[in-house]
Amino acid sequence: MAAGSAGWFVSPSRGRRTLEGMYRDLVEYMAEDPAARYKLIVGSDSQLRQELVFVTAVVCHRLGKGARYYYQRVRHRRMASLRQRIFYETSLSLEVAGDLSRLFAERGWRTVAAFQTRNVPHLGHEFVQKMAALQTDGLLIHPVLGEKKAGDFRDEVILAAYRALVDGYHRPDRTVLATMAYTMRYAGPKEAIHHAIVRKNFGASHFCVGRDHAGVGAFYDPLAAQREFARYPDLGVTPVPIGEVHLCLRCGGVVAADTCPHGGDEVRPFSGTRLRRLLTEGGAELEELVRPEVAAVVRSFSRPFVAGAR
Ligand SMILES: [Zn+2]
C-alpha cells in the first residue's frame, strides 16, 4: 500500500520532497523567523473521478505572515463505502502527523508534558507546569481556543496572558506555547481522556490532568477525571495528576498542599472566582496570585470575559 509518508510530498514552490526533506524545509522555514508563531496543519481529502485519489496536505502556517505548503497524492482502488474513505483519510493524516511529530521529537525531546488550559495562568498553574516539566524534556502549553461558556476568559485574553507568562518565566528551549481550536464539552472524566488522546497525537508523552478537569460547576467529583485514567492503562500517554496547590505565607511561596503543614490565615487558595474579581477590580492581593506581566495584559482588555447569561 502506497500510503502515508512513504511517497513524495510536493511543494508548489520547492518541488518534490521526501518526508525527511519536507521536515528539513519546515525546520529551515521556522528558523528564518524564530520569533513568529507557527501552526502545523495536516489534513486529508479524497476525490473520486476515473480513480480514487487521496490528497494529504501539510501546511506550516507562520501566523499572520504566510505559509509553506506541501501535498501528497495517493491513488487507491475504489472503496465501497464513504465511511471507508473517511477512515482512510483520517489514517493518512494521522500517519503523516505521527511521522512529523516523531521527527520533531528527535530534536532532543523524547518526552513532552502537555498542559491543557482555558484560563489565564496564575502562579499555581505555573508551579504545576514546572513540576510536570521536571518529569519530561519539553513542556507543551496548549490552551484551548474556541467556543466557551459565558464568564470564561476570552481567547485573546488567554493567549496574550500566556505569551506574557511564557516569555517571562518559562525556559524558551524547553517550552512550546501552541493553541488548539476545540470546543469544550464539559464532559469531565470522559473529556479528560479525549484531551489526553488529542495531545498524544500532537506528540505529547505526558498529560496534566487537573482537579475537576473539563468539569462544570459542582457536577463531577473533582477527582473523577484523574481516577478515570486507571481504566485506560493502554492509552499511550502518561497522566500527570495535578494536586491542590496553594500560596503559603509560612512556607514563603506556592506549594503543593500535600507538602505543606500549614493552614488557616497562613494559606491562600487559588480561587478562580477571587482571581477574576481581582483581575477586574485590581488590588494589592493580585500580586499573590498572578505575575505582574500577566495581570497587566489581562487588565489591558476592557472585556476579558465571554459575554452572556451565566
Ligand atoms: Zn506552608
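**Exercise 1. Overall build**

What percentage of the contacts in the protein chain with a separation of 6 or more is accounted for by residues 24 or more positions apart? Describe also the secondary structure, the dimensions and the domains of the protein chain.

*Solution.* This is a predicted model, in which local features need pLDDT of at least 70 and side-chain atom pairs count only at pLDDT 80 or more, while totals for chains, interfaces and linings use all residues. Residues are numbered from 1 along each chain as its sequence is written.

Step 1. Two residues are in contact if their C-beta atoms, placed from the backbone, lie within 7 Å. Of the contacts in the protein chain with a separation of 6 or more, 67% are between residues 24 or more positions apart.

Step 2. The secondary structure comes to nine helices and 14 strands, where helices (H or I, at least four residues) and strands (E, at least two) are DSSP runs numbered from the N terminus.

Step 3. The C-alpha atoms fill a box of roughly 75 × 45 × 40 Å along the principal axes. For 310 residues a compact globule would have a radius of gyration near 19 Å, and the 22 Å of the protein chain agrees with this; the radius is taken over C-alpha atoms, and the globule rule is 2.2 Å times the number of residues to the power 0.38.

Step 4. The protein chain is divided into domain 1 (4–105) and domain 2 (112–299), with bounds that come from an automatic or database domain assignment. The centres of domain 1 and domain 2, taken over C-alpha atoms, are separated by 32 Å.

**Exercise 2. A three-stranded sheet**

In what order do the three strands of the open sheet that contains S12 stand, and which helix packs on the sheet?

*Solution.* Step 1. The order is S13-S12-S14, with antiparallel pairing; two strands pair if DSSP finds at least two bridges between them. Strand S13 (253–256) and strand S14 (267–269) stand at the edges with a single partner strand each, so one side of each is left without a neighbour in the sheet. From one strand to the next, the twist averages 40°.

Step 2. Strand S12 (residues 245–248) is joined to S13 by four bridges, and Cys248 stands opposite Gly253 in S13. Helix H3 (residues 123–133) packs on the sheet, where H3 touches S12 and S13, and the direction of H3 makes about 115° with that of S12. Axes are lines fitted to C-alpha atoms, for helices over the stretch in contact, and angles run from 0 to 180 degrees between N-to-C directions.

**Exercise 3. The two sides of helix H7**

Which residues of helix H7 (residues 272–281) are buried, and which are exposed on the other side?

*Solution.* Step 1. A residue is buried if 20 or more other C-beta atoms lie within 10 Å of its own, exposed if 12 or fewer, and partly exposed in between, with C-beta atoms placed from the backbone. By this rule Leu275, Leu278 and Leu279 of H7 are buried. These residues cover an arc of only 100° around the axis, which puts them on the same side of H7; the arc is that of the directions from the helix axis to the C-beta atoms.

Step 2. Thr273, Thr280 and Glu281 are exposed on the other side of H7, whereas the buried residues of H7 pack against helix H8 (286–289) and helix H9 (292–299). Just after H7, Gly282 takes a positive phi of about 80°.

**Exercise 4. Single residues in their surroundings**

Is Ala161 buried or exposed, and which residues does Ala161 touch? Treat Arg291 and Tyr186 in the same manner.

*Solution.* Step 1. Ala161, found in helix H4 (residues 155–169), is buried because 28 other C-beta atoms lie within 10 Å. Not counting residues up to four places away in sequence, Ala161 touches Val120, Pro121, Val294, Val297 and Val298.

Step 2. Arg291 is found in the loop between H8 and H9 and counts as partly exposed, with 18 C-beta neighbours inside 10 Å. Leaving aside neighbours within four places in sequence, Arg291 is in contact with Leu165, Gly168 and Tyr169.

Step 3. Tyr186 lies in the loop between strand S9 (180–181) and helix H5 (188–201), and its phi is near 55°, a positive value in a residue other than glycine. With 13 C-beta neighbours inside 10 Å, Tyr186 counts as partly exposed.
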